[in-house]
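Here is a short briefing to keep beside you as you look through the model. Please have the sequence and the 3D view open together.

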Amino acid sequence: MQFAEASHDDLFESIAADLQTQGYAITHDALPLLMSSGLLSRVVRLQHDDFSAAGTGRQQQHQLNQFVRRDKIRWLSNDDPAEAAWLDYMAELQRYMNRRLYLGLFSYEGHFAHYQPGDFYKKHMDAFKGQANRVLTTVLYLNPNWEIQDGGELVIYQAENHEQELLRVSPRFGTLVTFLSEDYPHEVLPAKRDRYSIAGWFRLNSSTTVRADPPR
């Protein structure tokens with residue numbers, strides 16, 4: 001099944017230009033409707049047991065901490081057509097960003113995130129300076145008819161002052177947020193209804209002669 005259009009260069013150029021000038025991009029209606037609808041249909045069909053409690057940290061440092069975050073996640077794969085279409089879309093974005101901004105993006109990893117009413121993710125960084133792992137963060141929202149009173153905003157803090165709020169993004173259907181992972185702390189505020197998204201990260205190649213770069 002084909003969800004994506006042949007070229008997204010205008011959209012990708014808009015994202016690249018915003019990243020270059022301000023370090024983040026907020027894009028509404030970022031996907032073809034058939035593609036975003038397919039992703040929504042996919043995530044709501046998943047069963048509760050298909051998700052697992054999200055943790056913090058990577059590999060040996062990974063741990064569950066419900067004081068920090070309470071969402072549940074399911075990693076994406078190419079086994080489902082809707083998920084594969086999104087991964088192909090991200091591969092296109094990766095190639096464009098590498099050509100346009102010379103970011104050296106090597107791989108992409110992403111998961112569905114389900115926040116039940118009251119769930120949150122406190123302020124955090126997706127990557128830290130000098131660790132050369134996650135470089136570019138993406139968040140796609142899959143919530144039709146989302147209203148301001150539903151809550152669940154993404155709060156992004158300033159790169160220069162991590163205590164100063166920069167902007168809030170309502171998780172409305174089809175909105176894509178892209179930002180430099182090492183620069184912007186952010187948090188997810190509690191929502192009053194089920195909230196779905198795809199969180200993802202473009203990474204550099206951290207392989208060595210004795211260890212291949214892990215997918216996540």
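This is a predicted model. A good place to begin is a pair of helices: the axes of α2 (residues 33–45) and α3 (residues 81–101) come within 9 Å of each other and cross at roughly 130 degrees. After that, we turn to a sheet.

**How the two helices meet**

- Angles from 115 up to 145 degrees fall between roughly perpendicular and roughly antiparallel, and α2 and α3 are therefore oblique to each other.
- The crossing of these two helices, α2 and α3, is left-handed.
- On the α2 side, the contact is made by M35, G38, L39 and R42.
- Facing them from α3 are A82, E83, A85, W86 and Y89.
- Sorted by class, the contact of α2 with α3 has six nonpolar residues, one polar residue and two charged residues.

**The four-stranded sheet**

- Four strands form an open sheet in the order β5-β10-β7-β8, and their pairing is antiparallel.
- β5 (121–124) and β8 (165–169) stand at the edges; each has a single partner strand, so one side of each is left without a neighbour in the sheet.
- From one strand to the next, the twist averages 15 degrees.

**A look at one edge**

- β5 and β10 (residues 186–188) run antiparallel and are joined by two bridges.
- If you would like a pair of residues to find in the viewer, try H124, which stands opposite H186 in β10.

Technical notes
Residues numbered from 1 in each chain as written. Predicted model: local features only at pLDDT ≥ 70, side-chain atom pairs only at ≥ 80, totals over all residues. Heavy atoms only, no water. Pairing = 2+ DSSP bridges. Axes fitted to C-alpha atoms, helices over the stretch in contact; angles between N-to-C directions. Parallel < 35°, antiparallel > 145°, perpendicular 65-115°, else oblique. Left-handed = near helix turned anticlockwise from the far one by under 90°. Contact = heavy atoms within 4.5 Å. Nonpolar A, V, L, I, M, F, W, Y, C, P; charged D, E, K, R; others polar.
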